[in-house]
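Hi everyone, thanks for coming. I'd like to walk you through one protein today, a few residues at a time. Have a look at the picture first, and then we'll start.

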Amino acid sequence: MTLVLVVAAVIDGWKLKVPNWITFPMIASGWIYNLAAFGWSGLGWSLIGTVVGLALLLPLYAIGGMGSGDVKLLAGVGAWVGGTITFYAFCVCAVVGGVIAMGMVLYRRRWTHHLAQFHLIANEILTIRDPEVLSAIAAQRKSSMLLLPYGIPIALGTIAYFAWAGMLL
């Protein structure tokens with residue numbers, strides 16, 4: 001899975017897209033592996049992991065804050081390692097993503113601009129609360145935003161968690 005995550009991160013960094021030819025086979029192979037290795041309970045565990053991966057990022061996707069490939073990539077992680085590990089890996093991914101985002105803003109020296117955008121977006125989320133409207137607003141704003149290809153933090157955070165947990169071969 002580490003190689004798949006690295007490939008997904010490279011493509012996302014290059015094209016701002018995690019392609020379906022990576023995510024769908026990752027999800028399906030996780031289901032098949034867990035069914036073959038652990039039986040029906042393994043498949044159940046794998047399906048729960050997939051749902052956890054989707055549930056953690058789907059709200060951000062729904063309001064236009066991230067692409068569907070990023071969501072499916074974390075679902076693929078869940079298909080292989082189950083819900084609990086996916087959640088812990090996601091927590092590390094969130095920290096890694098925050099650090100990368102801060103670094104990007106500081107590097108471009110646009111702190112005030114991005115802080116104002118953050119406040120605007122947070123206010124919109126709290127007041128509008130309609131995912132379709134928020135998604136449309138995000139699409140209009142996309143050209144002026146500093147975009148973080150989130151496949152990179154997903155890959156780095158997941159691999160870092162696996163290393164910390166002794167899960168890398």
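Let's begin on the surface. Helix α3, residues 68–108, and helix α4, residues 111–127, each supply at least two residues of a nonpolar patch. That patch covers about 500 Å², and the residues that make it are Met102, Leu106, Trp111, Leu115 and Phe118. Which helix gives the largest share of the patch? That's α4, with three residues.

Take Met102 from that group. Met102 sits in helix α3, and it counts as partly exposed because its relative accessibility is 40%.

Before going on, a word about trust. What you're looking at is a predicted model. The average pLDDT for the protein is 93, and 99% of the residues score at least 70. Where is confidence lowest, and where is it highest? Lowest is helix α5, residues 131–141, with a mean of 85, and highest is helix α6, residues 151–164, at 98. As a general habit, where pLDDT is low, don't read the predicted coordinates in detail.

Okay, back to helix α3, since Lys72 is in that helix too. Is Lys72 buried or exposed? Buried, and Lys72 has no salt bridge. The nearest side chain of opposite charge belongs to Asp70, and that is 9.8 Å away. A salt bridge here needs the charged atoms within 4 Å, so at 9.8 Å Asp70 doesn't make one with Lys72. What does Lys72 contact, then, if we set aside its neighbours within four places in sequence? Those contacts are Asn20, Thr23, Phe24 and Ile27.

Staying in helix α3, have a look at Gly82. Gly82 counts as buried because its relative accessibility is 0%. Not counting residues up to four places away in sequence, Gly82 touches Trp45, Gly49 and Val77. Now compare sequence with space: Gly82 and Asn34 are 48 residues apart in sequence, and their C-alpha atoms are 9.5 Å apart.

Asn34 comes up again with our next residue, Leu43, as one of its contacts. Leu43 belongs to helix α2, and with a relative accessible area of 17% it is buried, because the cut-off for buried is under 20%. Leaving out neighbours within four places in sequence, Leu43 is in contact with Trp31, Asn34 and Leu35. For Leu43 and Val7, the separation along the chain is 36 residues, and between C-alpha atoms it is 25 Å.

Next up, the loops. Two residues there have a positive phi without being glycine, and I'll take them one by one. Leu16 is in the loop between α1, residues 2–15, and α2, residues 20–62. The phi of Leu16 is near 55°, which is positive, and Leu16 isn't a glycine. Then there's Arg109, in the loop between α3 and α4. What is the phi of Arg109? Near 55°, again a positive value in a residue other than glycine. Arg109 is also exposed, because its relative accessibility is 75%.

Let's finish with the two helices from the confidence part. In α5 we have Ile137. Which residues does Ile137 touch, not counting those up to four places away in sequence? Glu124 and Ile128. Ile137 and Val10 are 127 residues apart along the chain, with 28 Å between their C-alpha atoms.

Over in α6 we have Ile159. Ile159 is buried, with a relative accessible area of 18%, so it falls under the 20% cut-off. How far is the C-alpha atom of Ile159 from that of Ala89? They're separated by 8.1 Å, even though the two residues are 70 residues apart along the chain. With neighbours within four places in sequence left aside, Ile159 is in contact with Thr2, Leu5, Val6 and Leu168.

If you click through these yourself, try Lys72 again and find Asn20, Thr23, Phe24 and Ile27 around it. Then find the nonpolar patch, with Trp111 among its residues. Okay, that's me done, thanks for listening!

Terms used
Residues numbered from 1 in each chain as written. Predicted model: local features only at pLDDT ≥ 70, side-chain atom pairs only at ≥ 80, totals over all residues. Heavy atoms only, no water. Patch = residues over 30% accessible without salt bridge, like charges linked within 9 Å, V, L, I, M, F, W, Y side chains within 5 Å. Areas by Shrake-Rupley, 256 points an atom, 1.4 Å probe, with all protein chains shown as cover. Helix = DSSP H or I, 4+ residues; strand = E, 2+ residues; numbered from the N terminus. Buried < 20%, exposed > 50% of the residue type's maximum accessible area, 1.4 Å probe, protein only. Lys, Arg positive; Asp, Glu negative; His and termini not counted. Contact = heavy atoms within 4.5 Å. pLDDT = per-residue confidence, 0-100.
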